[in-house]
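Work through the exercises below with the sequence and the model side by side. Try each task before reading its solution.

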Amino acid sequence: MVKDLLKETENHMKMTIEATKKEFQSIRTGRANAGVLDRVLVEYYGNPSPLNQVASVTVPDSRTIVIQPWDKSLLATIEKAILKADLGLNPVNDGSLIRLPVPQLTEERRKDLVKVARKEAEEKRVAIRNLRREVNDKIKGLEKGGKVTEDESKKGLDETQKLTDKYITEIDKLLTQKEKEILEV
């Protein structure tokens with residue numbers, strides 16, 4: 001019973017790590033990265049569609065992202081969607097594709113992005129701790145209900161703490177890596 005709870009909790013913690021990676025990928029650094037466009041939704045036949053489903057997105061060099069829509073009539077719509085997403089990138093439409101020059105980040109902008117990354121990491125740490133609290137409450141409830149022994153309960157609580165420490169450390173590593181990426185000139 002406790003093992004099942006721990007397995008379920010670990011799966012949720014892994015999902016939190018994946019969410020952290022995805023969030024960090026969308027934080028723009030001074031280098032071109034197609035991942036910053038993951039959240040851009042383009043109006044396509046009345047439905048909001050992810051940009052990568054209506055166009056090919058490539059990164060030919062470290063300072064440029066190129067978007068080539070499969071349907072040329074979407075150029076203006078894609079351009080508006082990128083501007084609306086407020087990524088700090090200005091699309092250049094040449095009639096057949098869109099180029100996104102990635103400008104060098106100012107020192108102030110880098111510091112702002114580091115703050116965004118730290119805030120995101122803290123939110124994920126809180127999510128991990130909430131998972132720990134929830135599973136601890138369940139384990140204690142099982143012990144009170146006589147469904148598990150005191151030793152099993154103690155062991156479950158210890159395992160939960162180990163999982164929590166492991167995944168918070170993982171988030172800290174991801175944050176350190178992202179900060180280094182942002183501050184690198």
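**Exercise 1. Find how much surface the protein exposes, and what share carbon and sulfur atoms supply.**

Solution. The exposed area is about 11100 Å². Carbon and sulfur atoms supply 50% of it. Areas follow the Shrake-Rupley method with a 1.4 Å probe; for residues, only the protein chains shown count as cover. Next, burial: 38% of the 185 residues count as buried. Buried means under 20% relative accessible area, exposed over 50%, partly exposed in between (1.4 Å probe, protein chains only).

This is a predicted model: local features need pLDDT of at least 70, side-chain atom pairs count only at pLDDT 80 or more, and totals for chains, interfaces and linings use all residues. Residues are numbered from 1 along each chain as its sequence is written, and side-chain values use heavy atoms, without hydrogens and water.

**Exercise 2. Compare the radius of gyration with that of a compact globule of 185 residues.**

Solution. Start with the rule: 2.2 Å times the number of residues to the power 0.38, with the radius taken over C-alpha atoms. A compact globule would come out near 16 Å. The protein has 22 Å. Then check the box: along the principal axes, the C-alpha atoms fill roughly 70 × 40 × 20 Å.

**Exercise 3. List the order of the elements from the N terminus on.**

Solution. Count first: four helices and six strands. Both are DSSP runs numbered from the N terminus (helices H or I, at least four residues; strands E, at least two). The order reads α-β-β-β-β-α-β-β-α-α.

**Exercise 4. Describe how strand 1 and strand 2 pair.**

Solution. Strand 1 covers residues 41-44 and strand 2 residues 47-50. Four bridges join them in the antiparallel sense; pairing requires at least two bridges found by DSSP. L41 stands opposite P50. The two strands form a hairpin with two residues between them. In the turn, Y45 has a positive phi of about 50 degrees.

**Exercise 5. Which strands stand at the edges of the open sheet?**

Solution. Four strands form the sheet in the order 3-4-6-5, with antiparallel pairing. Strand 3 (55-61) and strand 5 (92-93) each have a single partner strand, so one side of each lacks a neighbour in the sheet. Now take strand 5: two bridges join it to strand 6 (residues 98-101). N93 stands opposite I98 there.

**Exercise 6. Is E122 buried or partly exposed?**

Solution. Locate E122 in helix 3 (residues 107-144). Its relative accessibility is 34%, so E122 counts as partly exposed. I171 lies 49 residues away along the chain, with 8.8 Å between the C-alpha atoms of E122 and I171.
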